[in-house]
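The following paragraphs go through a few local features of the structure shown here, one region at a time.

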Amino acid sequence: MKKRTLMTGIAIAMTAASMTAQPKLTANNIDEIVKAMTLEEKAQLLVGGGNDGFVGSGAMLGHQKKFVPGAAGYTVAIPRLGIPSTVQCDGPAGVHIDAHREGDSKNYFATGFPIGTCLASTWNTDLVEQVGQAIGNETREYGCDVILGPGLNLHRNPLCGRNFEYYSEDPIVTGLIGTAFVKGVQSQGVGVSAKHYVANSQETDRTRVDERVSPRALRELYLKGFEMVVRRSNPWTIMSAYNKVNGHYAQGSKDLLTKVLREDWGYKGIVETDWIGKRKDLPVETEVAAGNDLMMPGFPAQVEDIVAAVKAGRLDVADVDRNVRRMLEYIVKTPRFKGYKFSSEPDLKAHAAITRQSSTEGMVLLKNDNTLPIRSLKTVALFGVSSYNFMSGGLGSGCVNVGYSVDMVTGLKNIGVNTTPQLTEIYQSYVKYAKAKLEADKNPMMWFLNQGQPKYDEIEITERCVAHEEPLADAAIITIGRQAGEGMDRNINGEFNLTKDEQDMIFRVSDAFHAKNKKVIVIINSGSVMETASWRDRVDAILVAWQPGIEGGNSVADILTGKVNPSGRLTMTWPIAATDHPSTANFPQDYDMYTYKNMEGSGHVKNVDYTNHEEDIYVGYRYFDTFNKRVAYPFGFGLSYTTFELTKPVVKLNGNTINVSINVKNTGDVAGKQVAQVYVKAPKGNYEKPTRELKAFGKTKELKPGESQTLTMQIDKRDLASYDEAGCQWKVDAGVYTFQIGTDVETIKASATLKLTEYTEKTTDALPLQQPMNLLKQQ
């Protein structure tokens, strides 16, 4: 009854208002529109209309219909004031909308671009910007105004289920790659929603877990990528995370949304919630006052709560007006406000070519014992279920509904390489069966299995099967697949480590083929890190293909044949064991997200209600390098079919900008690209620091044999600072800094020094720890 009364009141107010001339929204009369709006209209503008259960005034919500089937969410139209709905679609590996529509025979497939880890592994910001432009074009041409991405969370731990959407364990890589992506998308006149702000480091219990992180680690690591993207590319929207940060929900944290984001960084766009709706333990007035402008996906009760809170004096209408003004500033930038006539026909062929180029450049060659590129290869024995079900992307909202995905069989066929017929038939028949069985057996609660391409269990490959295949093939290729996604973290056994069937397959194939002096190549089709140390010595080459988008099989073939010289480099450490990461001790495992219980028992699971970031600033290579821990493959690592020389390092200070240059020469026999990574070693000062930290990188063009290029990279002096918690300030200690240029964190090729004076920059006092923790310290 209360809801009907409220909506009737809104309708009466609007009818009365319509009897007089009403202003219509333009880019120049936003203040006038705010004054003309009723309180109910203001509340409605701050609450999304994407929930199917939304009911209300036809005059207000009549234009709120689902413009784009499968889009993630909508803002609500207020027609009397010329305020249209805007449409937001999931991302960030491409536009996530429904490919098929009721009563429409046309397909609305989008391009599946490389996942975040693959894009970042290109270390090529120009190429990532080009990918962003293509994604922005599809966003616009499919009638959407904002794509929900990029994902800027760090790879705190290799078990996080959404690492595939994120770029790196390092904030500088995250910030520079993210900036390029945002610039590319927004160059097309549509916006992004950089997510998940902040410290969405695990999927287990993600909607309520308290991520307890020191202010220093937050500022230097988890917030840094967001800060760089905000300062350098001005994203239209920021998405506040589901989780808590130091005791407060991110979406209701004034420290995060106002102090840090707006006062410290100068952000001007809107903040919207992740798709949580109304929380029982977080009043909507707290969210509005904190600076959360848009509640998504939107529920009628949230509108009622805002109105009631203002009338009761619990919420200042000035806070409402402030957020409404930001919403209008966002709306006037959108294609829908500008009346853009979208085509629903983006150039998918051209975008497929961009996907193929970017995915090959992001693939990382981990091992190559005189095996690649392949020469005179006619027939291969193709093992592994994922060879025939090659996964282009991850699961959940980050997937894309695509028209095709090139598997390994097709990719090899396209370069004239056949696969042995019986083995191919076995696997293809199994994939068909597994797909049908999964559809019949699926748990309706496991919604993410309908959002992307699931991985099917590996099958046993017997010694007899291998013995049958070996004489028919010139070499063996094994694909090891891993899948993960929204709402689920990975387990160590079976997801990080090999399964028994996978290990047996690798060992049996390598034994049989090596006995006949034939090569064994492993392709890793995974969005994240996996264990390699136990089996890498049994094979001749390992290529990390990631989840490379729809052209995956073709992209792998380009690398295998040498059509493309691999130039991808790891943006995260590959440890020997998952437990080598100090964060694993404080990461949930074997947890059922539907029962909130340990799958091995019924007791409380550690790190569900809260997760202590006791590793502090020692995330990824900062830990392994500083504490001298062996790894399988270091941060920044990647092989090439040629060799390079890095010489003549020069470091100069120009105001508060440090310019670092290095000469890169191709000293090998084939053309290729090289990444120069700039690590900085700070002088001993007042703050404990990692041994070295990445501060810049650059990538050459394709250099011919004997050709050189000088790369010049810029570092803001403030990016060398440590965060001083006691003084609420960034501080660069005076002293001599060493700039080390290398090809990975362990391989430094040249260095130069620069003496710097002290630098300080005050910040707000925000995000204090609520409980003490035993933070990791150097001995």
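This is a predicted model. A starting point is G266, which takes a positive phi of about 75° just after helix α10. The helix that comes before G266, α10, spans residues 254-264 and is mostly covered, with eight of its 11 residues buried. The buried positions are D255, L256, L257, T258, V260, L261, R262 and D264. Buried here means under 20% relative accessible area.

Next comes a pair of helices. Two packed helices are described by the angle between their axes and the distance between the axes. For helix α6 (residues 125-141) and helix α7 (residues 171-186), the angle is about 35° and the axes lie 6 Å apart. The crossing of α6 and α7 is right-handed. On the α6 side, the contact is made by T125, V128, E129, G132, Q133, I135 and G136. Helix α7 contributes L176, I177, A180, F181, K183, G184 and V185. Sorted by class, the contact of α6 with α7 has seven nonpolar residues, five polar and two charged. Glycine is counted among the polar residues in this classification.

The last region is a pair of strands. Strand β25, residues 729-732, pairs with β28 in the antiparallel sense, over four bridges. Within this pairing, Q729 has K762 of β28 as its bridge partner. In a regular strand the side chains alternate between the two faces of the sheet. Strand β28 covers residues 759-762, with Y759 and E761 on a covered face and T760 and K762 on an uncovered one. The bridge partner of Q729, K762, is thus one of the residues on the uncovered face of β28.

Technical notes: Residues numbered from 1 in each chain as written. Predicted model: local features only at pLDDT ≥ 70, side-chain atom pairs only at ≥ 80, totals over all residues. Heavy atoms only, no water. Buried < 20%, exposed > 50% of the residue type's maximum accessible area, 1.4 Å probe, protein only. Helix = DSSP H or I, 4+ residues; strand = E, 2+ residues; numbered from the N terminus. Axes fitted to C-alpha atoms, helices over the stretch in contact; angles between N-to-C directions. Left-handed = near helix turned anticlockwise from the far one by under 90°. Contact = heavy atoms within 4.5 Å. Pairing = 2+ DSSP bridges.
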